[in-house]
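Reader: I would like to go through this model slowly, with the reasoning set out for each answer. Where shall we begin?

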Amino acid sequence: MELREIAVDVYACLTPDRGLGWSNSGLVRRAGGLVIDTFWDLPHTRALMDLYRPLLPAPARRLVNTHHNGDHCWGNQLFREAEIIGHRRCAEAFGKDSSPEGLQMLRAAVDSADPAIAAFAAALADWDFTGVELTPPTTVFDDRLDLDLEGVRVELRYVGPAHTAGDVIVHLPAQRVVFAGDVLFRLCTPIGWEGTYAQWLTALDTIIDLAPEVVVPGHGPLSGLEGPREMRAYLVYVREESRRHFEAGRSEMEAAKRIDLGPYAGWTEPERLLFNVERAYRELRGMPYDAPIDALATFRGMHELRTHLAARAR
Ligand SMILES: [Zn+2]
């Protein structure tokens with residue numbers, strides 16, 4: 001974990017690994033402290049708190065969740081004194097798509113006969129979900145919530161459903177900083193749950209229009225405007241390529257295997273492309289933005305695609 005001061009009294013905690021679950025957090029050291037996102041498990045969230053402690057000796061007074069995915073909020077319970085703030089749909093979605101107990105079981109399945117399960121279990125090796133108690137936001141909002149932290153203006157803006165139904169970005173206009181949550185993945189392939197391409201592009205445009213100097217992504221290193229611009233281009237490209245293959249009658253997997261990742265081939269987790277092709281196909285079929293996803297089937301497909309991409313690279 002790396003702590004970076006990105007403006008006066010504004011910090012980002014970055015995890016250098018861009019693989020599964022390694023997310024970023026933020027701290028605004030004003031008015032008793034506002035933390036932006038926790039980590040996926042308690043040990044990593046404790047390490048995060050150790051990193052913030054010299055900056056903020058007393059427990060933080062506020063915690064914002066950018067969305068409900070566990071890698072951004074399963075450490076919430078450790079912020080006992082804090083008011084936890086999030087979008088209404090973020091709070092409602094807690095625990096709906098995965099549970100700490102379920103992932104802890106999956107994590108133990110490294111010897112599974114199913115190679116996709118074994119690979120997923122291996123990817124979870126760095127995490128320990130023991131003791132996680134889902135602790136959703138209790139202060140919720142629908143469109144926007146502005147805070148004044150001893151003269152530092154913090155704007156919480158709803159930009160979903162893009163990556164999830166309850167996506168929020170955190171904007172500090174005077175500092176020209178945006179904490180983007182998983183609306184922005186930087187140098188790693190995005191994955192989206194409930195949401196639409198159109199709204200995800202609008203969310204990225206919102207960030208670009210705010211003209212921040214520093215954007216803290218949900219995953220990956222800090223960026224300027226090149227971060228949201230590149231991810232926007234990726235989404236436009238994948239949606240367009242998916243449409244072409246859809247119209248040619250190809251399956252999602254066939255499409256994913258044929259799409260040339262070009263400039264995005266170096267991003268980590270390239271096999272998440274399948275997730276993004278599947279979203280495009282759902283939209284082309286007129287399905288709703290929150291249509292249930294068979295995540296296990298998609299993870300199996302991603303394993304197949306990863307094997308395919310690795311063979312092609314050799
Ligand atoms: Zn995430």
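**Loops, strands and helices**

Reader: Leucine 187 is found in the loop between β11 and α5; how many other C-beta atoms lie within 10 Å of leucine 187?

Author: Residues are numbered from 1 along each chain as its sequence is written. The model is predicted, with local features needing pLDDT of at least 70 and side-chain atom pairs pLDDT 80 or more, whereas totals for chains, interfaces and linings use all residues. Helices (H or I, at least four residues) and strands (E, at least two) are DSSP runs numbered from the N terminus. A residue is buried with 20 or more other C-beta atoms, placed from the backbone, within 10 Å of its own, exposed with 12 or fewer and partly exposed in between, and leucine 187 is partly exposed because the number is 17.

Reader: What phi does alanine 31 take?

Author: Alanine 31 is found in the loop between β3 (25–28) and β4 (34–36), and it is partly exposed, with 15 other C-beta atoms within 10 Å. Leucine 187 has a positive phi near 60° although it is a residue other than glycine. Alanine 31, which is not a glycine, also has a positive phi, about 50°.

Reader: Which residue in β12 stands opposite valine 177?

Author: Strands pair if DSSP finds at least two bridges between them, and 5 bridges join β11 to β12, which run parallel. Strand β12 (residues 214–219) is mostly covered, with 5 of its 6 residues buried. The residue in β12 that stands opposite valine 177 is valine 214.

Reader: Which strand gives the largest share of the largest nonpolar core?

Author: Such a core is a set of buried Ala, Val, Leu, Ile, Met, Phe, Trp, Tyr and Cys residues joined through C-beta atoms within 7 Å. The largest one has 71 residues, and those with the most contacts inside it are Ile169, Val170, Val178, Ala180, Val183 and Ile207. Its largest share, 7 residues, comes from strand β11 (residues 177–185).

Reader: Which residues does isoleucine 207 touch?

Author: Contact means that the C-beta atoms of two residues, placed from the backbone, lie within 7 Å. Isoleucine 207 is among the residues with the most contacts inside the largest nonpolar core. Not counting residues up to four places away in sequence, isoleucine 207 touches Ile169, Val178, Ala180, Val183, Pro212, Val215 and Pro228.

Reader: Which helices are included in what covers the buried residues of α8?

Author: The buried residues of α8 are Leu273, Leu274, Phe275, Asn276, Val277, Glu278, Arg279 and Ala280. Just after α8, glycine 286 takes a positive phi of about 75°. What covers those buried residues includes α5 (197–210), α6 (226–247), α7 (252–258) and α9 (295–313).

Reader: Is alanine 297 buried or exposed?

Author: Alanine 297 has its place in helix α9, and its C-alpha atom is separated by 9.7 Å from that of alanine 116, 181 residues apart along the chain. Because alanine 297 has 11 C-beta neighbours inside 10 Å, it counts as exposed.

Reader: Which residues does arginine 157 contact, leaving aside its neighbours within four places in sequence?

Author: Arginine 157 is found in strand β9 and counts as buried, with 20 C-beta neighbours inside 10 Å. Arginine 157 and aspartate 167 are 10 residues apart in sequence and 8.5 Å apart in space, C-alpha to C-alpha. With the neighbours within four places left aside, arginine 157 is in contact with Arg144, Val168, Ile169 and His171.

Reader: What is omega at the cis peptide bond of proline 161?

Author: Proline 161 has its place in the loop between β9 (152–158) and β10 (168–172). The cis bond joins glycine 160 to proline 161, and its omega is about -5°.

Reader: Which residue takes a positive phi in the hairpin of β1 and β2?

Author: Strand β1 (residues 2–7) and strand β2 (residues 10–14) run antiparallel and are joined by 5 bridges, with arginine 4 opposite alanine 12 in β2. The hairpin has 2 residues between its strands, and the residue with a positive phi, near 65°, is aspartate 9.

Reader: What percentage of the residues of the protein count as buried?

Author: The protein has 9 helices and 12 strands, and its C-alpha trace spans about 55 × 45 × 35 Å along the principal axes. Among contacts between residues at least 6 apart in sequence, 65% join residues at least 24 apart. Of the 314 residues, the share that counts as buried is 44%.
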